[in-house]
Amino acid sequence: MSKRDESIEKMKLQLDEVNARMNELQAKAQAVKQDARDTYEAEMAKLRQQSQLAHAKLDELRTVGEDTWETMVVEMEKIRDAFTHSFHYFKSQL
């Protein structure tokens, strides 16, 4: 093999190695994207569950009698505040 062919072969191997590393990096990036998507979907599911709980408590608040109104309002405010806080935290993480 001539010096020229050896140089060309060496450069090809080096380029192939860099391309292989780029492919590995791209695969890792795709996995991270999927992990991020999975985390997003899991957190969104938690938020939706909190929203449903808040709506259920609100429906209950609408039908409660005057004797338990004050207690229910305090509970509803706690649920609303927790839900709002969770939402803002989730939003800040995006």
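Reader: Which element gives the most to the lining of the largest pocket?
Author: Keep in mind that this is a predicted model. The lining of the largest pocket has twelve residues. The elements that give two or more residues to this lining are α1 (3-63) and α2 (69-93). With seven residues, the one that gives the most is α1.

Reader: Which residues lie nearest the centre of the largest pocket?
Author: Good place to look next! The pocket has a volume of about 200 Å³. Of the twelve residues that line the pocket, those nearest its centre are T39, E43, Y89, F90 and Q93.

Reader: How many residues of the pocket lining are nonpolar, polar and charged?
Author: Let's sort the twelve lining residues by kind. The charged ones come to two and the polar ones to four, and the nonpolar ones number six.

Reader: How many helices and strands does the protein chain have?
Author: You have already met α1 (3-63) and α2 (69-93) at the pocket. The secondary structure of the chain comes to zero strands and two helices.

Reader: What is the radius of gyration of the protein chain?
Author: Start with the box that the C-alpha atoms fill, roughly 100 × 15 × 10 Å along the principal axes. A compact globule of 94 residues would have a radius of gyration near 12 Å. For this chain, the value is 28 Å.

Reader: How far apart are the C-alpha atoms of K28 and T63?
Author: K28 sits in helix α1. Along the chain, K28 and T63 are 35 residues apart. In space, their C-alpha atoms are separated by 53 Å.

Reader: And what separates the C-alpha atoms of V32 and Q52?
Author: V32 is part of helix α1. Counting along the chain, V32 and Q52 are 20 residues apart. The separation of their C-alpha atoms is 30 Å.

Reader: What is the separation of the C-alpha atoms of R62 and M72?
Author: R62 belongs to helix α1, and M72 is one of the residues of the largest nonpolar core. The two are ten residues apart along the chain. Their C-alpha atoms are separated by 9.8 Å.

Reader: Is R62 buried or exposed?
Author: The cut-off to remember is that exposed means over 50% relative accessible area. R62 has 61% relative accessibility, so R62 counts as exposed.

Reader: Is K28 buried or exposed, and what about V32?
Author: We can use the cut-off of over 50% again. K28 has 57% relative accessibility and therefore counts as exposed. V32 is at 53%, so V32 also counts as exposed.

Reader: Why does K57 count as buried?
Author: K57 lies in helix α1. Leaving aside neighbours within four places in sequence, K57 is in contact with M72, E75, M76 and I79. Buried means under 20% relative accessible area. K57 counts as buried because its relative accessibility is 14%.

Reader: What percentage of the residues in the protein chain is buried?
Author: K57 is one example, since it counts as buried at 14% relative accessibility. Taken over the 94 residues of the chain, buried residues make up 12%.

Reader: Which element gives the most to the largest nonpolar core?
Author: The core is made up of A54, L61, M72, V73, M76 and I79. The elements that give two or more residues to this core are α1 and α2. With four residues, the one that gives the most is α2.

Reader: Which residues does A54 touch, not counting residues up to four places away in sequence?
Author: A54 is one of the six residues of the largest nonpolar core. In soluble globular proteins, nonpolar side chains tend to be buried together. The residues that A54 touches are M76 and I79.

Definitions and conventions:
Residues are numbered from 1 along each chain as its sequence is written. This is a predicted model: local features need pLDDT of at least 70, side-chain atom pairs count only at pLDDT 80 or more; totals for chains, interfaces and linings use all residues. Side-chain values use heavy atoms; hydrogens and water are left out. On a 1 Å grid over the protein atoms alone, a cavity is a set of points where a 1.4 Å probe fits but cannot get out, and a pocket is an open set with protein on both sides within 12 Å along at least five of seven lines; lining residues have an atom within 4 Å of a point. Grid points are joined across faces, edges and corners, and a volume is the space filled by probe spheres set on the points. Ala, Val, Leu, Ile, Met, Phe, Trp, Tyr, Cys and Pro count as nonpolar, Asp, Glu, Lys and Arg as charged, and the others, Gly among them, as polar. A nonpolar core is a set of buried Ala, Val, Leu, Ile, Met, Phe, Trp, Tyr and Cys residues joined through side-chain atoms within 4.5 Å. Buried means under 20% relative accessible area, exposed over 50%, partly exposed in between (1.4 Å probe, protein chains only). Contact means heavy atoms within 4.5 Å. The radius of gyration is taken over C-alpha atoms; the globule rule is 2.2 Å times the number of residues to the power 0.38.
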